[in-house]
Amino acid sequence: MDFNLDETQEMFREACAQLADTQLAPNAGDWDQRHEYPAEAVAQMAELGLMGVAVPEADGGSGADNVAYVIAMEEISRGCASCGVIMSVNNSLYCDPVRRYATEAQKAEWLVPYASGEKLGAFGLTEPGNGSDAAGMRTVAHLEGDEWVLNGTKAWITNAYEADGFIVFATSDRGAGHRGVSAFLVPAGQPGFSLGKKEDKLGIRASSTAQLIFENCRVPRGNLLGEPGDGFKVALSTLDGGRIGIAAQALGIARAAYEAALAYAKEREAFGRPISRFQSIQWKLADMATRIDAARLLTHKAASRKDRGLPYGKYSAMAKLYASETAMWVTTQAIQVFGGNGYVTEYPVERHFRDAKITEIYEGTSEIQRIVVARDVMGEHAN
Ligand code: CAA
């Protein structure tokens, strides 16, 4: 077992750390306050090859592995959690399933420009009436001549306002339950496809989240991704990979809060000495560091299993569960270290705390991750 990074992984880490320190962290607070999409930062991320890290070079990506991807995600999210989710959705939820299920002809249009970062992708699974019960979707699609006609509403869709292309899940055979779900490639601006209002969120406020509304939206027959009825498997297998990206995002948020708390504890004085000299603070810092390292080991293990073609669904669920709960715990403790200063926007830890919360909710809540792990350990559904 080798815990050292290889040359490519180290290169991604260094480049992303530099971007995070010089461009992302100094601006993340303003983007958050203004709800501003960090377009320039996303363009810089694309230039570094971060929008399709594990996509083969022939398909427009960087041709690196998933361990490099999570290393990059951790650093970017340490600088700006919103940038992290924008990147994660494009890599894990959009490019990865298109790479796995698209035909060669579809890849030229729907993968290459997205993996290179020229275009941005999004993933439409959740609906206003169903989240955890992904199979309970109401959006429908039916064939009319050579076109699929989509009707329904998707909710909580990350990148909705900026995305050029969307993977949309809809039931094409109502009687078949989850086996009737299909996946469609839908371009932004297609007639019959509109966006709901931008959600006003607690955290990750520099990324857009909105509903996708389909009213007799027609797409060519060739925009089906995979075979009819493949959709549910496309969605769940995609989330297995997506959860590793969110684990890395949570890790980056936790690290940002921990590093801020460590620096503050060394500077801030109370009772005539830096508060870092008090054991109550030292124990917090020690527990933060330990949990962050444990979360990283789980995250890298899940990514490495994906790279080696081993089953990884249980491990990605474990990684997301542990990393997101670590992010929530670490950011809470960081505010405690900062005291009153942790509760105001002048310091970054209140933002890290707000950003952390979503990692316990999206791409499957902590409760869903526990279901995935439990089903596997009980031998009911190997992942
Ligand atoms: N990969 C591939 N197929 C899978 C799978 C996986 N990981 N897990 C299950 N399946 C297949 C099963 O084999 C089964 O197929 P067959 O019937 O053909 O054999 C089918 O899917 C149904 O399986 P289950 O009976 O286990 O499905 P279920 O209805 O009980 O649901 C669940 C399981 C784990 C609860 C699932 O619905 C789930 O993960 N829910 C959470 C949804 C989620 O994570 N949503 C996130 C939205 S995206 C997002 O958040 C993006 C963002 O903003 C950034």
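**Note on the predicted model: strands, helix packing and single residues**

1. His35 sits in the loop that links helix H1 (7-34) to helix H2 (39-47). The model is a predicted one, and the points below should be read as statements about that model. The phi angle of His35 is near 55°, a positive value in a residue other than glycine. Most residues other than glycine have a negative phi. The relative accessible area of His35 is 26%, so the residue is partly exposed.

2. Ile204 is a second case with a positive phi, near 35°, again in a residue other than glycine. Its place is the loop between strand S6 (193-195) and strand S7 (209-220). Is Ile204 buried or exposed? Its relative accessibility is 3%, and Ile204 therefore counts as buried. His35, in contrast, is partly exposed at 26%.

3. Strand S4 (residues 165-171) is largely enclosed by the rest of the structure, because 7 of its 7 residues are buried. Both faces are covered. On one side the buried residues are Gly165, Ile167, Phe169 and Thr171; on the other they are Phe166, Val168 and Ala170.

4. Which strands pair with S4? Strand S1 (residues 121-124) runs parallel to S4 and is joined to it by 4 bridges. Strand S5 (residues 181-187) runs antiparallel to S4, with 7 bridges between the two. Ile167 of S4 takes part in both pairings: Ile167 is the bridge partner of Phe123, and Ile167 also stands opposite Leu185 in S5.

5. Strand S1 is likewise covered on both faces. Gly121 and Phe123 are buried on one side, and Ala122 and Gly124 are buried on the other. Phe123, the bridge partner of Ile167, is thus described both by its burial and by its pairing with S4.

6. Ala155 belongs to strand S3 (residues 147-158). Ala155 is buried, since its relative accessible area is 3% and the cut-off for burial is under 20%. Beyond residues up to four places away in sequence, Ala155 touches Thr126, Glu127, Pro128, Ala210 and Gln211. As a distance across the model, the C-alpha atoms of Ala155 and Gln9 are separated by 35 Å, with their positions 146 residues apart along the chain.

7. Gly84 is placed in helix H4 (residues 81-101). Its relative accessible area is 0%, so Gly84 is buried. With neighbours within four places in sequence left aside, the contacts of Gly84 are Met73, Ile76, Ser77 and Gln249. The C-alpha atom of Gly84 is 16 Å from that of Phe123, a residue 39 places away along the chain.

8. Two packed helices are described by the angle between their axes and the distance between the axes. The axes of helix H3 (residues 66-79) and H8 come within 7 Å and cross at roughly 145°. From H3, the contact is made by Asn66, Val67, Val70, Ile71 and Glu74. From H8, the contributors are Arg296, Thr299, His300, Ala303, Ser304, Lys306 and Asp307. By class, the residues of this contact divide into 4 nonpolar, 4 polar and 4 charged.

9. Helix H8 (residues 279-307) also packs with helix H9 (residues 313-338), at an angle of about 160° and with the axes 9 Å apart. H8 is therefore roughly antiparallel to H9. The crossing of the two is left-handed. The contact of H8 with H9 comprises 16 nonpolar, 5 polar and 5 charged residues.

10. H9 in turn packs with helix H10 (residues 349-357): the axes come within 9 Å and cross at roughly 160°. H9 and H10 are therefore roughly antiparallel to each other, and their crossing is left-handed. Which residues of H9 meet H10? They are Ala327, Met328, Thr331, Thr332, Ala334, Ile335 and Phe338. On the H10 side, the partners are Val349, Glu350, His352, Phe353, Ala356 and Lys357. The contact has 8 nonpolar, 3 polar and 2 charged residues.

Methods: Residues are numbered from 1 along each chain as its sequence is written. This is a predicted model: local features need pLDDT of at least 70, side-chain atom pairs count only at pLDDT 80 or more; totals for chains, interfaces and linings use all residues. Side-chain values use heavy atoms; hydrogens and water are left out. Axes are lines fitted to C-alpha atoms, for helices over the stretch in contact, and angles run from 0 to 180 degrees between N-to-C directions. Angles under 35 degrees count as roughly parallel, over 145 as roughly antiparallel, 65 to 115 as roughly perpendicular and the rest as oblique. A crossing is left-handed if the near helix is turned anticlockwise from the far one by less than a right angle, and right-handed if clockwise. Ala, Val, Leu, Ile, Met, Phe, Trp, Tyr, Cys and Pro count as nonpolar, Asp, Glu, Lys and Arg as charged, and the others, Gly among them, as polar. Contact means heavy atoms within 4.5 Å. Buried means under 20% relative accessible area, exposed over 50%, partly exposed in between (1.4 Å probe, protein chains only). Two strands pair if DSSP finds at least two bridges between them.
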